[in-house]
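Here is a short note to read alongside the structure. Take the points in order, with the 3D view open beside you.

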Amino acid sequence: MTRKSQPVMAIDVGTHKVCVVIGSVGLAGGVEVLGVGYQASSGLRKGSVVNIHEAFPVIRRAVRQAEEMAETHIDEAMVGVTGRHVKSQNLMTVWEHRDPDVPVSALGLEEVLEQSYMIPIETGQTLLHAIPRSYVLDDQPRIRYPVGMFAQTMQVETHLITGNQSQVSNLVDAVERAGVKVQSLVLEPIASSEAVTTADERELGCVLVDVGGGTSDLAIFKDGSIWHTAVIPIGGDNFTTDLSIGLKTPVQNAETFKVTLGHALPDQVREDDTYQLPYSGSDDMHQVSRRHAAQLLYERAAELVRYTALHIKQANLPAPPAAGVILTGGASTLSGLLDVASERLPGPVRIGYPQGLSGRTEALRGPQFATVTGILMWAARHRKPKQWHEEGLTGLRKLFKRLAASKEPEFILRHPQEFSHNGFHGEAVKANT
Ligand SMILES: Nc1ncnc2c1ncn2[C@@H]1O[C@H](COP(=O)(O)OP(=O)(O)OP(=O)(O)O)[C@@H](O)[C@H]1O
Ligand SMILES: [Mg+2]
């Protein structure tokens, strides 16, 4: 029998559904699904908690369901975060190597990266990820991993992802009220890409767009690492609302119509294809044209694709993403959306289905499960993730204690800068320069 580590839990608190997956990580890194919980969402909108009293019981039900199926109890989970409040930026820091005759050490690099967590961020935002994007050693750009190389200076380009402090706290609180400690948070498009893109695609350059209910989450990869992230405030709900308004029918009828008969290419729908739908606020029925509905869906799809193209442009990639665009999330399954995207976006476009898990995956095959399966895979890859609660403080205290107690730091920030914490670290700390 293969030995397994402690089971891990992933929670996707989405606008449409709350999904919980429990998995066991094998020694070789493979993840076996043991339990799945699924509940329709309540109290959540566009990635944010809008009614905590509605949200936490739903999360609790999904957690219980997954635990019952897995026949185990889990205390803590890795949780996905997204929403309009999420912001990202790239930041370059320049470091002087104290002893250029000695190659860069793993500890030296770790110290530099840990200091990324002290970079001042906008007031009211909290740091979610600080991911090194690339290194420049002296004048040599695009270094992947500087350890073991000689350098007088090292520039580190870091991709910083922050979220609104209160909204992130509300999400953490909702999960914790459901009885699960939040071990760590992961940005949802980064998680989704774990499940639906390949290492080759991320290496060549690719764009992941998770079209959910409330938002579409975008992540661009280049040379194997994250290059750009963004949250587009358009999701499947906007398609539904457009149909509800345009076809003068209640939202629930519009949703069913969209899922069963919706198409984003009006030309693909017969002109005489008509259906009876109720009027909003009345029992009277009226005739609607499926082609008219397709026209409405096309316009929203084109807007989503325009936003995506804009973000690809803003990402300033050195070359177009050779591996193209991967659409995932529940709303990516809208008929014709793939064609609208293929016409206007660079490279090949495909729908991303979760891959790479074993065990009880039968309920997790659709693109709407890219995020939760990706969170699980992320949790497996980051076996010892930083703790949400103690992350900043203990990490930094340890770092400074080490720096003070032992030798001098290997790298010195070239432009001494005072860092202050306005994120979740909760305390002002000065850089050790
Ligand atoms: N066949 C389909 N055609 C069109 N839309 C669909 C189809 N199936 C599901 N959807 C849409 O997918 C959306 C839900 O997707 P998903 O489950 O990925 O959202 P979520 O993760 O809960 O939301 P978010 O990520 O925005 O918080 C809904 O808007 C739903 O109408
Ligand atoms: Mg989602």
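1. A good place to begin is Leu-127, which stands opposite Thr-162 of β10. Please bear in mind that this is a predicted model. Thr-162 is also the bridge partner of Lys-87, so to speak a handy landmark for your eye.

2. Now widen the view to the strands around that spot. Strand β8 (residues 125-137) runs antiparallel to β10, and eleven bridges join the two. Strand β7 (residues 87-97) is antiparallel to β10 (residues 153-164) as well, with ten bridges between them. As a reminder, strands of a sheet pair through backbone hydrogen bonds, in either a parallel or an antiparallel way.

3. Next, which strands form the open sheet with mixed pairing? There are five, in the order β14-β13-β12-β17-β18. At its edges lie β14 (225-232) and β18 (349-351), each paired on one side only. From one strand to the next, the twist averages 20 degrees.

4. Within this sheet, β17 (residues 325-328) and β18 pair in the parallel sense over three bridges. You can find Leu-327 by looking for Ile-351, its bridge partner in β18. Helix α4 (residues 188-196) packs on the sheet and touches β12, β13, β14 and β17. The direction of α4 makes about 65 degrees with that of β13.

5. Finally, have a look at ligand 1, which is surrounded by 23 residues. The closest are Gly-14, His-16, Gly-212, Gly-236 and Gly-330. Helices α6 (236-246) and α7 (251-261) are the elements that give two or more residues to this shell. By character, the shell divides into 16 polar, four charged and three nonpolar residues.

Notes:
Residues are numbered from 1 along each chain as its sequence is written. Chains are lettered from A and ligands numbered from 1 in the order in which they are written. This is a predicted model: local features need pLDDT of at least 70, side-chain atom pairs count only at pLDDT 80 or more; totals for chains, interfaces and linings use all residues. A residue is near a molecule or strand if its C-beta atom, placed from the backbone, lies within 6 Å of it. Helices (H or I, at least four residues) and strands (E, at least two) are DSSP runs, numbered from the N terminus. Ala, Val, Leu, Ile, Met, Phe, Trp, Tyr, Cys and Pro count as nonpolar, Asp, Glu, Lys and Arg as charged, and the others, Gly among them, as polar. Two strands pair if DSSP finds at least two bridges between them. Axes are lines fitted to C-alpha atoms, for helices over the stretch in contact, and angles run from 0 to 180 degrees between N-to-C directions. Two residues are in contact if their C-beta atoms, placed from the backbone, lie within 7 Å.
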